[in-house]
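Reader: I have a structure to study for my course, and I would like to go through it with you. May I ask some short questions as we look at it?
Author: Please do.

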Amino acid sequence: MTAVLPISAEPAARPQEEARPGRWRRMPPKAKVGAVLLGLFVLVAIVGPLVAPYDPSYQNPSPALSLHAPYSAHLLGTTQSGQDVLSQLLVGIRLTMELAFVVGVVATALAVIVGVTAAFLGGAWDEVLSLVTNVFLVIPALPLLIILLGYLQSKGQTATIVVLAALGWPWGARVIRAQTLAIRNRDFVAASQETGEKTWRIIAYEIVPNEVSLIAASFVNTVLYAIGASVALAFIGVANLNSWSLGTMLYWAQSQQALELGAWWWFVPPGLAVALMGTGLVLLNTGIDELGNPRLRDATSASRIAGRWLRPADPTPVLAEVSQQRGKVSGFLHSFSRSSLLDETEGGKP
């Protein structure tokens with residue numbers, strides 16, 4: 001008699017696949033720290049002007065509030081004209097971040113268009129666009145910025161955005177062009193060309209998606225360049241000084257001799273904000289490079305071997321133990337060698 005196994009109505013249990021870690025967990029620690037820092041400044045830029053306690057341009061006529069140190073009514077003190085430094089900082093972070101992000105978007109878009117078009121089309125297109133890129137690369141950026149903004153100072157922040165974006169795209173275009181040259185000969189691009197796909201569709205759906213990490217790194221670099229350049233230009237007085245930014249705060253602090261008067265609360269907060277912005281962007285850019293480049297990611301990783309954390313460049317404990325054993329064996333053999341006996345004989349002579 002054959003036994004019939006009972007058939008369960010429930011589906012058979014399948015081994016669950018290991019959950020793949022999310023994107024945030026896969027990000028390098030540097031990128032996480034940079035993203036948190038940058039996110040804090042973006043949050044301040046959004047809500048800062050809404051929660052500013054005073055009008056940043058209001059000059060209090062009271063002599064007691066001239067260069068007053070931080071206290072409960074003015075958490076970051078006041079300027080020589082009685083203006084609240086905290087209000088200027090909250091408003092200035094927004095303007096600096098807005099300018100930097102707009103410059104980053106415009107310059108990165110130009111870099112992608114020029115770099116991908118030059119590399120993918122090749123021929124005369126590549127020669128002409130590469131020539132234009134090289135011309136912009138050899139132009140001395142800082143003197144040209146000073147001259148142009150000196151004539152366009154009355155145009156507001158628009159002139160600064162246009163000039164910075166016009167001079168900030170060539171480096172990204174060169175890098176993106178080199179990456180596109182490596183991608184355009186891949187099999188999936190050749191297959192798209194053989195099926196009759198249009199050029200713009202191949203660029204938009206095949207080339208650009210494979211360069212997302214590179215484009216993101218180029219955008220972060222451009223934002224960092226825009227922050228540094230805009231603050232420097234405002235500090236030397238060639239940018240628009242009618243609106244509050246971090247560079248404008250540093251300009252007025254320098255022109256009113258805040259350092260000589262010991263008013264540290266006037267120039268330290270904007271300077272520290274610029275430094276933290278730059279730190280966050282540098283860490284984020286380094287993390288993006290590690291995330292997109294397996295070699296950099298492996299170089300910064302560490303493995304636990306024989307109870308110790310070792311990086312790929314470090315010697316393994318096995319090799320270290322072998323080298324130690326070899327040293328002991330060679331010393332033991334040297335003690336019986338002729339040179340060792342001669343050394344002992346010479347050492348024993350009077």
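Reader: Which backbone oxygen does the side chain of S230 reach at 3.1 Å?
Author: That oxygen belongs to I227. Please keep in mind that this is a predicted model. The side chain of S230 also reaches the backbone oxygen of A226, at 2.8 Å.

Reader: Where is S230 found?
Author: S230 is part of helix α10, which covers residues 212-235.

Reader: Is S230 buried or exposed there?
Author: S230 counts as buried, because its relative accessibility is 11% and the limit for buried is under 20%.

Reader: What is S230 in contact with, leaving aside neighbours within four places in sequence?
Author: With that restriction, S230 is in contact with L99 and L164.

Reader: And what is L164 in contact with, on the same terms?
Author: Leaving aside neighbours within four places in sequence, L164 is in contact with L99, V103, L145, Y225, A226, A229, S230 and L233.

Reader: Let us turn to empty space. How many cavities of 30 Å³ or more does a search of the whole structure find?
Author: The search finds 1 cavity of that kind. The volume of the largest cavity is about 90 Å³.

Reader: Which residues are closest to its centre?
Author: The lining of the largest cavity has 14 residues, and those closest to the centre are L99, Q157, S230, A234 and S245. Thus S230, the residue we began with, is one of them.

Reader: Which elements give two or more residues to that lining?
Author: They are α3 (85-121), α6 (157-168), α10 and α11 (246-255).

Reader: How many of the lining residues are nonpolar, polar or charged?
Author: The lining of the largest cavity has 6 nonpolar residues and 8 polar ones, with no charged residues.

Reader: Now the nonpolar core. Which residues in the largest one touch the most other members?
Author: The largest nonpolar core has 45 residues, and I93, M97, L164, I227, L233, L246 and M277 touch the most other members. At least two residues of this core come from each of α2 (29-51), α3, α5 (141-151), α6, α10, α11 and α13 (264-292).

Reader: Which element gives the most to this core?
Author: That is α10, with 9 residues. There is also a second, separate core of 17 residues, which includes V116, I176, V189 and I207.

Reader: Why would nonpolar side chains gather like that?
Author: As a general matter, nonpolar side chains in soluble globular proteins tend to be buried together.

Reader: What about F101, where is it found?
Author: F101 is found in helix α3. At 28% relative accessibility, F101 counts as partly exposed. Leaving aside neighbours within four places in sequence, F101 is in contact with V42, F219 and V223.

Reader: How many residues apart along the chain are F101 and I227?
Author: They are 126 residues apart along the chain, and their C-alpha atoms are separated by 8.9 Å. Across the chain, 67% of the contacts with a separation of 6 or more are between residues 24 or more positions apart.

Reader: I also noticed N285. Which side chain does a polar contact join to that of N285?
Author: The partner is the side chain of N221, in a polar contact of 2.9 Å. N285 has its place in helix α13, and at 11% relative accessibility N285 counts as buried. Not counting residues up to four places away in sequence, N285 touches A217, V220 and N221.

Reader: A different topic: what is the phi of L67?
Author: Phi of L67 is near 55 degrees, a positive value in a residue other than glycine. Most residues other than glycine have a negative phi. L67 lies in the loop between α2 and α3, and is partly exposed with a relative accessible area of 21%.

Reader: And what is the phi of Q257?
Author: Q257 is not a glycine, yet its phi is positive, about 60 degrees. Q257 is found in the loop between α11 and α12 (258-261). With a relative accessible area of 46%, Q257 is partly exposed.

Reader: Finally, how many helices and strands does the chain have?
Author: The chain has 16 helices and 2 strands. Of its 350 residues, 34% are buried.

Methods
Residues are numbered from 1 along each chain as its sequence is written. This is a predicted model: local features need pLDDT of at least 70, side-chain atom pairs count only at pLDDT 80 or more; totals for chains, interfaces and linings use all residues. Side-chain values use heavy atoms; hydrogens and water are left out. Helices (H or I, at least four residues) and strands (E, at least two) are DSSP runs, numbered from the N terminus. Buried means under 20% relative accessible area, exposed over 50%, partly exposed in between (1.4 Å probe, protein chains only). A polar contact is a pair of N or O atoms within 3.5 Å; within protein, one must be able to donate a hydrogen and the other to accept it, and residues adjacent in sequence count only if both atoms are side-chain atoms. Contact means heavy atoms within 4.5 Å. On a 1 Å grid over the protein atoms alone, a cavity is a set of points where a 1.4 Å probe fits but cannot get out, and a pocket is an open set with protein on both sides within 12 Å along at least five of seven lines; lining residues have an atom within 4 Å of a point. Grid points are joined across faces, edges and corners, and a volume is the space filled by probe spheres set on the points. Ala, Val, Leu, Ile, Met, Phe, Trp, Tyr, Cys and Pro count as nonpolar, Asp, Glu, Lys and Arg as charged, and the others, Gly among them, as polar. A nonpolar core is a set of buried Ala, Val, Leu, Ile, Met, Phe, Trp, Tyr and Cys residues joined through side-chain atoms within 4.5 Å.
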